[in-house]
Every structure is written in C-alpha cells, then in structure tokens.
Amino acid sequence: MSEWDCEPDVLTYNVMIKLCARVGRKELIVFVVERIIEKGVKVCMTTMHSLVAAYVGFGDLRTAERIVQAMREKRRDLCKVLRECNGQDLKEKEEVEEEEDAFEDDEGLVYTPRDEVIEEGSEDVFKKLLPNSVNPSDEPPLLPKAFAPDSRIYTTLMKGYMKNGRVADTARMLEAMRRQDDKNSHPDEVTYTTVVSAFVKAGLMDRARQVLAEMARMGVPANRITYNVLLKGYCKQLQIDKAEDLLREMAEDAGIEPDVVSYNIIIDGCILIDDSAGALSFFNEMRTRGIAPTKISYTTLMKAFAMSGQPKLANRVFDEMMRDPRVKVDLIAWNMLVEGYCRLGLIEDAKRVVSRMKENGFHPNVATYGSLANGVSLARKPGEALLLWKEIKERCVVKKREESEGDSSTPMLKPDEGLLDMLADICVRAAFFKKALEIIACMEENGIPPNKTKFKKIYVEMHSRMFTSKHASQARVERRMERKRAAEAFKFWLGLPNSYYGSEWKLGPRED
DNA sequence: ATAGGGTTAG
C-alpha cells in the first residue's frame, strides 16, 4: 500500500483480523493488534468487536471471555493477554500430540494432519504484512487507551455460548447485562434474540416465549428476526399450529408483517409433518400477500413435492422458478428436481434432468450423485450404479496440470461416506466385487472407513454359496473365472477364508 | 466488502 502512497488505516487492519479469522490463523491475530499499535494507527472500538468476533468464530470462548474481562478491568495490556492465550494453546496442542503418539495404532495407521491447509504463498503474504509475527518484540505494546465493553461486544460473546449450546451461560449473561450500571451494556433486541435462539436450539419453547414477553415488558420490542427464530423453533418441535398462530400474532399484536423468511420457515415446517398441501397453501398465501418468493421458497416447495412422492409437481414448481425473472435457478434447485425422481426410483427421469442440468452449465455434486445412487438402489438396477461410479471415479481423480488445461470446466469431486457406501452396497449385493473393491479403495483414499461388518453380512447372506453349483457346465465355469477371482479378492478384503489361503469356506448355521 | 441475531439440498 505504501507503494501507492496510501497508508493502511484502522479499517484495513480490522479487515485483516477478519481475514485471519477466515483462514483459521488464530495465532496471527495478536500480531495484527501489535502492528496497529506499533504503526501508530488508532485502535477503535470496532477493532475490539472484530477481535471478540474472531475468537468466538474460532470457538475459543476462553480467549473471547478474557478479552471482555480485560476490557471490564480497563486494562491496556491486551496484547500480553492474547500472547498468553497463544502460549496456552501451544502447550495444550503439544500435550494432545503426545497423547496421540502414545496411542500409535498397531496397524501403523497414519494420522492425517489436522492443521489448516495453508494456501501456497499465503505464508509470505502474512510475513510481509505482519513482520512482527516473525520477530516479535520482547514486550508487547500497550493499547493507547482502554475500551469499555458495550452490549454489542457482550452479545457477540453470548452468541458463542448460544452456538455451543451453553444455554445456562447465555441466560446468565443476559442477567449480568441487565444488572450493568452502564446503559451501553444493557441488552437490546439483538441480545434478546440471541437468548431466544439459545432456548429454541435447546427445544425450550416456553422459555423462549417468556423472553419474548420480557422484551415487551422491558420496552425492547422484538423484531421480525426474533419472530422468525420462534417460528423456526415451533416448526422444529413439529408444532406447526403454534407456528401458524405466531405468524398471525406477529402481524396483529406486534405489527410486524411476516416476510419471505417467515413463510419459508413455515413451508419447511409443513414438510416436517408430511403436509405438502399445507406447504403449497402457505406458498400461495405468501404470494397473495404480495411477498415475492426467493429461490429458497421455490426450492422448499419443490422439496415438499419431492418428499411426498410427487416429482411432477416439483417439476412444475421448477418450471415456474425458471420463468420467474427475480430468481436464478441454482444447483440446489436442480438437485431437488433430481431427488424427486430418485426417491421413487425413476432413474430414467432423473438422468434426463441431470443431462439438462449439465447442458445448463451445472455440474452434479455429491448431493446429486447421492440422490442418483439412492434411486439406482431403489430401482434395483445395479448396472446403473456401474455407469454412475464410472462418472464419479473420473471426477475424483486429481488431474495433472497439463491434462486439466483442456477441460478445466469440470470441478473436482470429493465423494462422501453416504455416496460411496451406497454405491459399494449396491455393488456387493449385485456381486460386482471388482467394482466394490474399487469403491472401497476410494473410501480409504478419502479417509472414510468402510463398514466391513456390514459388507461381510451382505456377502454371507447373499453370496456365500456362489460358484458352488455342481451343475454348471465347464464352459460356464470358465466364463466365470474372472468374476470368481474378484470374489476371492473381495473375500480376502473381508477377512473371510478364501482361495488365497487354500481353504474353502463353508456356510455354517447362523447364530443370529 | 469491517463487528452481534433468522431461512434452502441427499
């Protein structure tokens, strides 16, 4: 920046705190603060907010609490506090690593490093921007002045408790804020909404409602977000009637008109109780009231029809979404369309949709393939699973640079457990052992432990008598050699007796 | 495009 004749200001550094937070570089935060002070830039209250938000984002509530506590004590040695926190982290990390070493697996299992993946070159950038992180000063600099905490910073910390399910701490924090002499620390509507969220998360709807009443008493009016949180809570508890009552109340009693989010929540709530008609009726009511559906509204209504076995209706919603100039169809909407057909095992329809989505420039992702695998399984067409696996396999391969330049358009695919397990399951049932082993190898490459017990059970129940027919002709036996070899390899992987060990394995009476 | 609270996918 100096090269361009402009110096970074406090805003620049506040953004840098957020940057460090987003790339998971907790240990660098303190050096940003030190750099601000050393460069003589004025730290502002927002810097403090950014700091607490960053640590809450890391899930490091202990440090967030220590910052707030230091502020309460009017301390200026914030950097010292943060350095101490870094030191503690380092010590604890070492202890954990020692424990892990002690538990070294006898199979020589290699632990994948849990450290954040650092992008190439990013280290140099940080070294340049934060030279003090390479050569820290002996004594960390002091803040030019102390900052008193306000309700915003308390609420940020409270959000940390809420996100971590610490309901009691959330409630205690509210109580403490109410008792503050400083009016700037009193709970506001965001604070109360955070408390409501904590109760909703814990399924404590009555207590959440009490908070709403208290807000009215305290003269801190609830807003639309508060109501939406409550609506979501009732829906999660499958109390759609109560959600509907609240939807009416918020307009009548509080004068807060429901918005598209309110309707999205209640439409999704209807789905939870298998009420696709209710979902449609709320969708229509919303439009009647002049509230424009978003892509989330359309996708949620599609979900209602997909889940209730009405893919044609889902398709009609999709078409309408296509025609609506206010929204853009996205991958999620395409996936919902695919899912609608797959849930009924209508593979051909699903495949047609996938072709169309590809033509429209959307690449299927893990969710798309997951739906397809499920559909293939339901349709009992294991041959389709082979085609599907072929496509997935090609996208799992890490292509070399020269090769990928031609078609850099297809993004890499990281398959997940659900997808691979489903495909392997289909292959084992269909006695496609060679493919099953390929998929299992892929699981292991991706660090997913295959469910060996389950596959063993399927094998024993379905195939243990395979290739034992005495009536097969010699020609037939020879044709099956290849498959038999695959079966033996699969049995070897399962740990069942196999021809590699020269012992034939017989099915005994089952005990379960 | 700086910091607190809410909604969509197998």
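Mentor: Let's start with a word you'll need: a residue is called buried when its relative accessible area is under 20%, and exposed when that value is over 50%. Keep in mind as we go that this is a predicted model.

Trainee: Okay, let me try that on D330. Is D330 buried or exposed?

Mentor: The idea is to compare its value with the cut-off for buried, which is under 20%. D330 has a relative accessibility of 15%, so it counts as buried. You'll find D330 in the loop between α16 (311-323) and α17 (331-342).

Trainee: Which residues does D330 touch, if I skip residues up to four places away in sequence?

Mentor: With those set aside, D330 touches K295 and F362. You can also look at C-alpha separations: D330 and M357 are 27 residues apart along the chain, and their C-alpha atoms are separated by 9.7 Å.

Trainee: Let me step back to the whole chain. How many helices and strands are there in chain A?

Mentor: Chain A has 26 helices and zero strands. Of its 512 residues, 42% are buried. Now take the contacts between residues at least 6 apart in sequence: 66% of them join residues at least 24 apart.

Trainee: Can we go through one helix slowly? How many residues does α3 have, and how far does it reach?

Mentor: Sure. Helix α3 covers residues 45-58, which is 14 residues, and it reaches 20 Å from its first C-alpha to its last. That is close to the 20 Å expected at 1.5 Å a residue.

Trainee: And why is α3 described as largely enclosed?

Mentor: Count its buried residues: 10 of the 14 in α3 are buried, so the rest of the structure largely encloses it. Those residues are M45, T47, M48, H49, S50, L51, V52, A54, Y55 and V56. Just after α3 comes G59, with a positive phi of about 80°.

Trainee: What does N14 contact, leaving aside its neighbours within four places in sequence?

Mentor: N14 is in contact with C44, T46, T47 and S50. Of these, T47 and S50 are among the buried residues of α3. N14 itself sits in helix α1 (residues 10-22), and it is buried too, with a relative accessible area of 11%.

Trainee: Now pairs of helices. What do I look at there?

Mentor: Two packed helices are described by the angle between their axes and by the distance between those axes. Try helix α19 (residues 366-379) and helix α20 (residues 382-396): they pack at an angle of about 160°, with their axes 9 Å apart. An angle over 145 degrees counts as roughly antiparallel, and α19 and α20 are therefore roughly antiparallel to each other. Their crossing is left-handed.

Trainee: Which residues meet in α19 and α20?

Mentor: From α19 you have Y369, L372, A373 and V376, and they meet E384, A385, L388, E391, I392 and R395 in α20. Sorted by class, the contact of α19 with α20 has seven nonpolar, no polar and three charged residues.

Trainee: Where do α14 and α15 fit in, and at what angle do they cross?

Mentor: The axes of helix α14 (residues 276-288) and helix α15 (residues 295-307) come within 8 Å and cross at roughly 155°. So α14 and α15 are roughly antiparallel to each other, and α14 passes α15 in a left-handed crossing. On the α14 side the contact is made by S276, A279, L280, F283, M286 and R287, and on the α15 side by S297, Y298, L301, A304 and F305. By class, the contact of α14 with α15 has eight nonpolar, two polar and one charged.

Trainee: What about G278 in α14: is it buried or exposed?

Mentor: G278 lies in helix α14 and counts as buried, at 11% relative accessibility. From G278 to T226 there are 52 residues in sequence and 24 Å in space, C-alpha to C-alpha.

Trainee: Last one: what should I know about the sign of phi?

Mentor: Most residues other than glycine have a negative phi. D274 is not a glycine, yet its phi is positive, about 55°. D274 is in the loop between α13 (260-272) and α14, and it counts as exposed at 70% relative accessibility. R380 is another non-glycine residue with a positive phi, near 55°. R380 is in the loop between α19 and α20, and it counts as exposed at 71% relative accessibility.

Technical notes
Residues numbered from 1 in each chain as written. Chains lettered and ligands numbered in written order. Predicted model: local features only at pLDDT ≥ 70, side-chain atom pairs only at ≥ 80, totals over all residues. Heavy atoms only, no water. Helix = DSSP H or I, 4+ residues; strand = E, 2+ residues; numbered from the N terminus. Expected span 1.5 Å × (residues − 1). Buried < 20%, exposed > 50% of the residue type's maximum accessible area, 1.4 Å probe, protein only. Axes fitted to C-alpha atoms, helices over the stretch in contact; angles between N-to-C directions. Parallel < 35°, antiparallel > 145°, perpendicular 65-115°, else oblique. Left-handed = near helix turned anticlockwise from the far one by under 90°. Contact = heavy atoms within 4.5 Å. Nonpolar A, V, L, I, M, F, W, Y, C, P; charged D, E, K, R; others polar.
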